[in-house]
Amino acid sequence: MASLEEQTLRKKLKNAVSQYHGKAKFIGELLVPVAPFDQKSGREAWTVAFAPNGSYFAWSQGHRIVRLIPWTKCLDSFSVGHGEEGTNALSPRHLSRQSSDGGQVVPAAGQPPEHTIDCGDIVWGLAFGSSVPEKHSRCVNIEWHRFKFGQDQLLLATGLNNGRIKIWDVYTGKLLLNLMDHTDVVRDLTFAPDGSLMLVSASRDKTLRVWDLKDDGNMVKVLRGHQNWVYCSAFSPDSSILCSVGAGKSVFLWNMDKFTPIRKLEGHHHDVVSCEFSPDGALLATASYDTRVIVWDHDKATILLELGHLFPPPSPIFAGGANDRWVRSVSFCPDGRHIASVTDDRLVRFWSIEERAPLAIASVSNGLCCAFSAQGSVLAAGTRDGSVHFWECPRSIASLQHMCRMALRRVMSTQQVEALAIPALLCDYLTYKVI
C-alpha cells in the first residue's frame with residue numbers, strides 16, 4: 001500500500017499533468033487508397049522525412065511505394081481545407097491518391113514535380129541528402145566518378161526489406177545507385193548534415209555501414225558493436241558524432257572522423273528504438289520501449305531530463321510490460337526547445353525541454369514514426385495503415401537567452417563551457433543543467 005504522502009504526491013502530479021495537456025492543432029493528412037487485400041500487413045508507413053531545404057516531403061506508404069510531394073503543395077492544401085476532408089480538389093484525401101502503375105504526376109507550371117516510386121521491396125528507411133560541392137569525397141580518384149553532384153542536387157535514400165539501399169534523384173525520380181552489402185532489413189538511414197553525401201545505414205544484421213555517395217556509393221566502413229538489431233542512427237549537427245540505438249538498453253556513440261566507438265550511454269531499461277540530436281548538438285534524445293524518452297548530455301554521459309509516458313514509471317524489472325506505452329519515435333524540433341514523441345497508447349505528445357509534462361497531445365491510431373518540418377512548425381507522423389497525419393507544433397517566442405545558448409553550444413562542448421570563467425548559474429544554464 002502506498003503511504004498517504006505518496007498518494008498525495010501522485011494526485012498532485014496527475015493534476016499538474018492534466019492542466020498542461022492542450023490539444024495539438026491538426027492541420028491535415030495524406031491518405032492511401034484501400035483495397036480489400038490491403039487490410040493486413042505491408043501497408044505500414046515506417047518512415048516519414050522532410051527535405052533539408054523544405055522543398056519535399058516523403059513517406060513510405062506501404063507495398064514498396066514511396067511518395068514524394070512538394071511540401072508547399074501539402075501546406076496549400078491543408079490551409080485551404082482547414083483539416084476537413086474532401087472539401088476541395090486539393091484536400092489531403094485527393095493529394096494522397098496514386099496511379100496504379102506509379103510514375104510521375106504532372107505538376108502545375110513552375111511547381112516541383114511529384115513522384116510515386118516503386119522501390120521493389122518493402123521500404124523501412126528514408127533519408128534526404130543534399131550535396132555541397134566544396135565537400136570532397138574521401139576517395140582520391142574522384143575524377144573517375146560517374147556522378148557530378150551539384151549545388152542543387154537532392155537525393156533520396158531508401159532502405160529496403162531485402163537489405164538493399166536505393167538512391168534516387170528527387171527532381172527526376174530516377175534511380176542513381178543500388179547499394180548491396182547488408183544481409184538483412186535496412187531499418188534506418190541518415191545523411192551527414194555537412195553536405196558530404198556520407199550515408200549511414202542501420203540494419204537488422206547488427207551492423208551500421210558508412211557509404212560515400214560522392215564515390216559512386218563506395219562502402220567506407222562497417223561499424224560493429226551492437227549485439228542485436230540496429231533500429232536507428234542519427235548524426236550530430238556538425239557530422240562529427242553518430243548515435244545508434246537498437247534491440248538493447250545501450251545508446252552507442254561513434255567518432256565519425258575515425259569511425260571508432262566513443263562511449264555507451266546507459267540508463268534505459270528496454271530496447272532503444274529512436275534517437276535524435278538537438279539542433280545545437282548539445283542534447284541527445286532517445287526513445288525506448290521502457291515508456292521513456294531520455295534527454296542526455298552526451299558529452300558527460302549524464303541524464304538531464306526524463307519524459308515519462310506512464311505514471312508511475314515502471315520499475316526496471318517490469319519496464320517491458322507496459323506495451324501500450326511503448327515509445328515508437330522521438331523527434332527534436334529545429335527550435336531546440338520542443339520534442340515530439342509517438343507511443344502505442346495512440347497519442348502524439350509535444351514536450352518542452354523546460355517542463356516534465358506534455359505541452360500538448362493529439363490522437364493518432366497506430367503511430368510508428370514522426371519528424372518535424374525543416375522550419376519546425378509542423379510535425380508529421382506515419383501510421384500502420386500507410387497514412388500520414390500533420391499537426392502544428394506549439395508556438396512560443398524563444399528567449400534571447402536560449403538563442404544565445406544554442407549559438408554557443410553549436411561550437412562548444414560541455415567540457416569547454418565548464419572551463420570558462422563564468423558564474424556557476426550561467427554555466428549550469430549553458431550546459432542545460434537548468435532546463
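Biologist: Where is Ser 239 placed?

Modeller: Look at what comes before and after it in the chain. Ser 239 sits in the loop between S16 and S17. Keep in mind that this is a predicted model.

Biologist: Is Ser 239 buried or exposed?

Modeller: Go by the relative accessible area. Buried means under 20%. Ser 239 has 8%, so it counts as buried.

Biologist: Which residues is Ser 239 in contact with, leaving aside neighbours within four places in sequence?

Modeller: Ala 192, Pro 193, Asp 194 and Met 256. One of these, Asp 194, also offers a polar atom. Its backbone nitrogen lies 3.2 Å from a polar atom of the Ser 239 side chain.

Biologist: Now the strand. What is the relative accessible area of Ala 234?

Modeller: Ala 234 lies in strand S16. Its relative accessible area is 8%, so Ala 234 is buried.

Biologist: How many residues apart in sequence are Ala 234 and Glu 276, and what is the C-alpha distance?

Modeller: Read both numbers together. The two are 42 residues apart in sequence, yet 5.6 Å apart in space, C-alpha to C-alpha. Not counting residues up to four places away, Ala 234 touches Glu 276 along with Thr 190, Ile 241, Leu 242, Cys 243, Cys 275 and Phe 277.

Biologist: Which residues touch the most other members of the largest nonpolar core?

Modeller: That core has 19 residues. The best connected are Cys 243, Val 245, Val 251, Leu 253, Cys 275, Phe 277 and Leu 284. Strands S16, S17, S18, S20 and S22 each give two or more residues to this core. S20 gives the most, with four. Another core, of 18 residues, lies apart from it; among its members are Leu 30, Trp 71, Phe 78 and Val 388.

Biologist: Pick one core member. What does Val 251 touch?

Modeller: Again, skip residues up to four places away in sequence. The partners of Val 251 include Cys 243, Val 245, Leu 265, Leu 284 and Trp 296.

Biologist: Which residues does the "repeat: WD" annotation cover?

Modeller: That comes from an unreviewed UniProt entry. It gives residues 149–178, 179–221, 223–264, 265–306 and 327–361. Take residues 327–361 in the model. The span is 0% helix and 57% strand, and its end C-alpha atoms lie 14 Å apart.

Biologist: Where does pLDDT stay under 50?

Modeller: Start with the whole chain. The average pLDDT is 84, and 80% of the residues score at least 70. Then look for weak stretches. Residues 6–20 stay under 50, with 12 contacts beyond four places in sequence. Residues 80–108 are also below 50, and this stretch has 52 contacts beyond near neighbours in sequence.

Methods
Residues numbered from 1 in each chain as written. Heavy atoms only, no water. UniProt positions renumbered as here; feature names shortened; annotations may be inferred. Core = buried A, V, L, I, M, F, W, Y, C linked by side-chain atoms within 4.5 Å. Buried < 20%, exposed > 50% of the residue type's maximum accessible area, 1.4 Å probe, protein only. Contact = heavy atoms within 4.5 Å. Polar contact = N/O pair within 3.5 Å; in protein donor to acceptor, adjacent residues only side chain to side chain. pLDDT = per-residue confidence, 0-100.
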